[in-house]
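Trainee: I'd like a close look at just one part of this model, with the cut-offs spelled out as you go. Take it slowly and join the pieces up for me.

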Amino acid sequence: MTFDTTLTDQNAEENEQLRDLIGPVRFVLFDFDGPICRLFAGHSAEGVAKDLVEWLERQGLRDLLTEEERVHPDPMAVLHAVNRRRPRSDLVAELEERLTQQELKAVVTAWPTAYADPLIRTWAARGAKLAVATNNSPRTALSYLDDRDLTGCFAPHVYGRTHDLHRLKPDPHCLNRALGAMGASPSAALMIGDTPSDLRAARQAGIPFLGCAGSGPQEKALREAGAECVVVSLEPVLRIVGGQG
């Protein structure tokens with residue numbers, strides 16, 4: 001009887017690659033929506049986008065968006081569209097606050113990403129310094145972390161969206177803020193993200209990157225963007241950090 005060892009060899013190689021990536025890490029920067037939780041699991045992101053569009057229409061600003069933008073399922077796309085046409089305006093600030101309020105409502109029904117909570121606790125217990133670097137509002141991230149009793153693993157290093165929307169990822173602004181505040185060198189840090197924009201931000205900041213894909217299309221997008229190490233579950237990361245991998 002013969003056995004095909006191709007898959008076993010591939011898994012061993014991927015685990016070795018993951019160990020090499022995680023080994024020197026002393027500072028970990030997590031994206032929020034994806035690697036830590038599914039923020040809109042029970043509070044439709046498409047519904048939030050629709051709410052923003054309807055609010056703009058009530059202000060008499062329907063023509064500020066294209067037809068495609070009016071039906072876009074991503075609320076961030078609506079916010080970006082308005083910011084392109086009214087950069088740094090009071091309108092953008094008010095729209096961003098409306099989005100933040102919707103995110104805060106979504107926290108109640110957010111789903112924790114599998115293995116994220118124990119991974120965060122284990123990494124912090126082993127002495128790593130952790131930060132959140134997200135395009136969501138930092139108030140949203142802190143609200144979720146408070147609910148999961150995880151704030152102590154990160155505080156005060158939670159960096160997110162401001163009214164300066166041009167500084168959202170893929171701009172590395174929030175990553176650089178985290179590095180500076182923690183006194184971290186990029187080579188001793190790791191960025192865990194689930195989108196190509198996370199990868200691009202990490203590259204610009206000089207930080208090694210671990211892709212965290214929640215689906216096949218997400219994994220494909222990360223790999224096509226050039227991510228060399230991508231996991232579909234945080235379980236192997238937890239095993240390595242916990243000394244069992």
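Mentor: Let's start with one strand, then follow the chain out of it.
This is a predicted model, where local features need pLDDT of at least 70 and side-chain atom pairs count only at pLDDT 80 or more, while totals for chains, interfaces and linings use all residues. Residues are numbered from 1 along each chain as its sequence is written, and side-chain values use heavy atoms, leaving out hydrogens and water.

Our strand is S6, residues 189-193; strands here are DSSP runs of E with at least two residues, helices are runs of H or I with at least four, and numbering goes from the N terminus. S6 is mostly covered, with 5 of its 5 residues buried (under 20% relative accessible area; exposed is over 50%, partly exposed in between; 1.4 Å probe, protein chains only). In a regular strand the side chains alternate between the two faces of the sheet. Here Ala189, Met191 and Gly193 sit on one side, Leu190 and Ile192 on the other, and both faces are covered.

S6 has parallel partners: S1 (residues 27-30) over 4 bridges and S7 (residues 209-212) over 3. Pairing asks for at least two DSSP bridges between two strands. Val28 stands opposite Leu190, and Ile192 has Leu210 of S7 as its bridge partner. Together S6, H10 and S7 make a right-handed β-α-β unit, meaning that with the strands pointing away from you, the path from the first strand over the helix to the second runs clockwise.

Now step off the end of S6: Asp194 lies in the loop leading to helix H10 (196-205). Asp194 is buried yet has no salt bridge, which would need a Lys or Arg side-chain nitrogen within 4 Å of an Asp or Glu carboxyl oxygen. The nearest side chain of opposite charge is Lys169, 6.7 Å away (Lys and Arg count as positive, Asp and Glu as negative; His and the chain ends aren't counted). What Asp194 does have is a polar contact with the side chain of Gln218, at 3.1 Å. That term covers N or O pairs within 3.5 Å; within protein, one must be able to donate a hydrogen and the other to accept it, and residues adjacent in sequence count only if both atoms are side-chain atoms.

Leaving aside neighbours within four places in sequence, Asp194 is in contact (heavy atoms within 4.5 Å) with residues including Asp31, Asp33, Cys212 and Leu222. Gln218 turns up again at helix H11 (residues 216-224): Ser215 caps its N-terminal end, with a side-chain oxygen 3.2 Å from the Gln218 backbone nitrogen.
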